[in-house]
Amino acid sequence: MPDYTFEKEACAAGYQSICGVDEAGRGPLAGNVVAAAVIMPEGLEIEGLNDSKKLSEKKREALFEIIKEKTVYSIAWATPAEIDELNILNATMLAMRRAVEGLPVKADFALIDGNCSRGFSIPTKTVVGGDAKSMSIAAASILAKVTRDRQCAELDKKYPEYGFAGHKGYPTKAHRAKVIEIGPCPEHRKSFLSFADKAKNEKS
C-alpha cells in the first residue's frame, strides 16, 4: 500500500511543496496521454487510496472527487498529434511537465512514477511502481486514469463505431480490426498504427 515515505524523505532534504506525478494512456492507439500532479496536505489520509490499476472503476470515480476536494492538483495532457510528433515517451514527459507547471501552488520537488524524468524545472525523483508506493503518486494516478477514461467516453460519443467506451483506446483485437476495416479517426495516433499499414499491404 502507498505511504508517505518518499514525501517525508524529500521534506527531510529541505523541500516543502512535494508533488506526486503519474500518467495514464501510454499504450492506447488513440486519445491523449493524460498526466496529473498532486500535492497532499500534510497528514492527509484518504481511505482506500491505492494504485488506480488495483481499484474498480466505481472506487476510482469516488476517490477522484475526494482527491480533487482535499488536495492541490493539476491535470494536463499531450494530444495524439503531439505523440506522433514527439514519440510517446517525450509526449508523456510533456504532459507531466504541464501538470506540474499547472499546479495552483508551486511545487519545489516532484516524485515521478516510472524510471524517466526529463526537462522538469524543479528537482525530481523517479519511483518505479510509484503509484503503489507513494500517496501523492497514487492520487495522481487516479486523477489521470479517471480523466482519460472520461475523455474516452466522449470519444465514444463522437466516433461510436470504434467502441472507445469499452476498450478505452487500447489495442484490443476488436479495436485493431475496426481500424483495419474502416481506417483511423482523427483521434488515433498515426505512429501506433503500423499494424493497419501492414494489413493493407498484405491485402494488396
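User: Ala, Val, Leu, Ile, Met, Phe, Trp, Tyr, Cys and Pro count as nonpolar, Asp, Glu, Lys and Arg as charged, and the others, Gly among them, as polar. With that in hand, how do the residues lining the largest pocket divide?

Analyst: Keep in mind that this is a predicted model. The largest pocket holds about 300 Å³ of space, and the closest of its 13 lining residues to the centre are Glu7, Cys11, Met40, Pro41 and Glu42. By the classes you gave, Glu counts as charged, while Cys, Met and Pro count as nonpolar. Over the whole lining, the split is six nonpolar, four polar and three charged.

User: Which helix gives the largest share of that pocket's lining?

Analyst: Look along residues 5–12, which form a helix. Three residues of the lining come from there, the largest share, and the helix is H1.

User: What about the second largest pocket: how many of its lining residues are charged?

Analyst: This pocket has a volume of about 180 Å³. Of the 13 residues lining it, Glu23, Ala24, Gly25, Ser52 and Lys53 lie nearest the centre. Two of the lining residues are nonpolar and three are polar, while the charged ones number eight.

User: And which element supplies the largest share of that second lining?

Analyst: Both E1 and helix H5 (135–158) supply at least two residues. The largest share is four residues, and they come from H5.

User: Moving inside the protein, which element gives the most to the largest nonpolar core?

Analyst: In soluble globular proteins, nonpolar side chains tend to be buried together. Here the largest core has 23 residues, with Cys19, Val21, Ala37, Met96 and Val100 touching the most other members. Strands E1 (18–24), E2 (33–39), E3 (72–78) and E4 (109–113) each give two or more residues, as does helix H4 (88–101). The top contributor, with seven residues, is H4.

User: Which residue of Met96 and Val100's core has Ile137 and Ala140 among its contacts?

Analyst: Start from the residues that touch the most other members of that core. Leaving aside neighbours within four places in sequence, one of them is in contact with Ala36, Ala37, Met96, Val100, Ala110, Leu111, Ile112, Asp113, Ile137 and Ala140, and that residue is Val21.

User: Why is Cys19 in no disulfide, and how far is the closest cysteine sulfur?

Analyst: Cys19 is buried, with a relative accessible area of 0%. A disulfide needs two cysteine sulfur atoms within 2.5 Å. The closest cysteine sulfur to that of Cys19 belongs to Cys11 and is too far for a bond, so no disulfide forms there: the distance is 12 Å.

User: Is Cys185 buried or exposed?

Analyst: Cys185 is in no disulfide either, as the structure holds zero of them, and the nearest cysteine sulfur, that of Cys152, is 10 Å away. Buried means under 20% relative accessible area. Cys185 has 7%, so this residue counts as buried.

User: Is Arg60 buried or exposed?

Analyst: Arg60 is found in helix H2 (residues 57–70). Its contacts beyond four places in sequence are Ser52, Leu55, Ile142, Lys145, Val146 and Asp149. With a relative accessible area of 10%, Arg60 is buried.

User: What is the phi of Asn87?

Analyst: Most residues other than glycine have a negative phi. Asn87 sits in the loop between helix H3 (80–86) and H4, and is partly exposed at 39% relative accessibility. Although Asn87 is not a glycine, its phi is positive, at about 85°.

Technical notes: Residues are numbered from 1 along each chain as its sequence is written. This is a predicted model: local features need pLDDT of at least 70, side-chain atom pairs count only at pLDDT 80 or more; totals for chains, interfaces and linings use all residues. Side-chain values use heavy atoms; hydrogens and water are left out. A nonpolar core is a set of buried Ala, Val, Leu, Ile, Met, Phe, Trp, Tyr and Cys residues joined through side-chain atoms within 4.5 Å. Buried means under 20% relative accessible area, exposed over 50%, partly exposed in between (1.4 Å probe, protein chains only). Contact means heavy atoms within 4.5 Å. On a 1 Å grid over the protein atoms alone, a cavity is a set of points where a 1.4 Å probe fits but cannot get out, and a pocket is an open set with protein on both sides within 12 Å along at least five of seven lines; lining residues have an atom within 4 Å of a point. Grid points are joined across faces, edges and corners, and a volume is the space filled by probe spheres set on the points.
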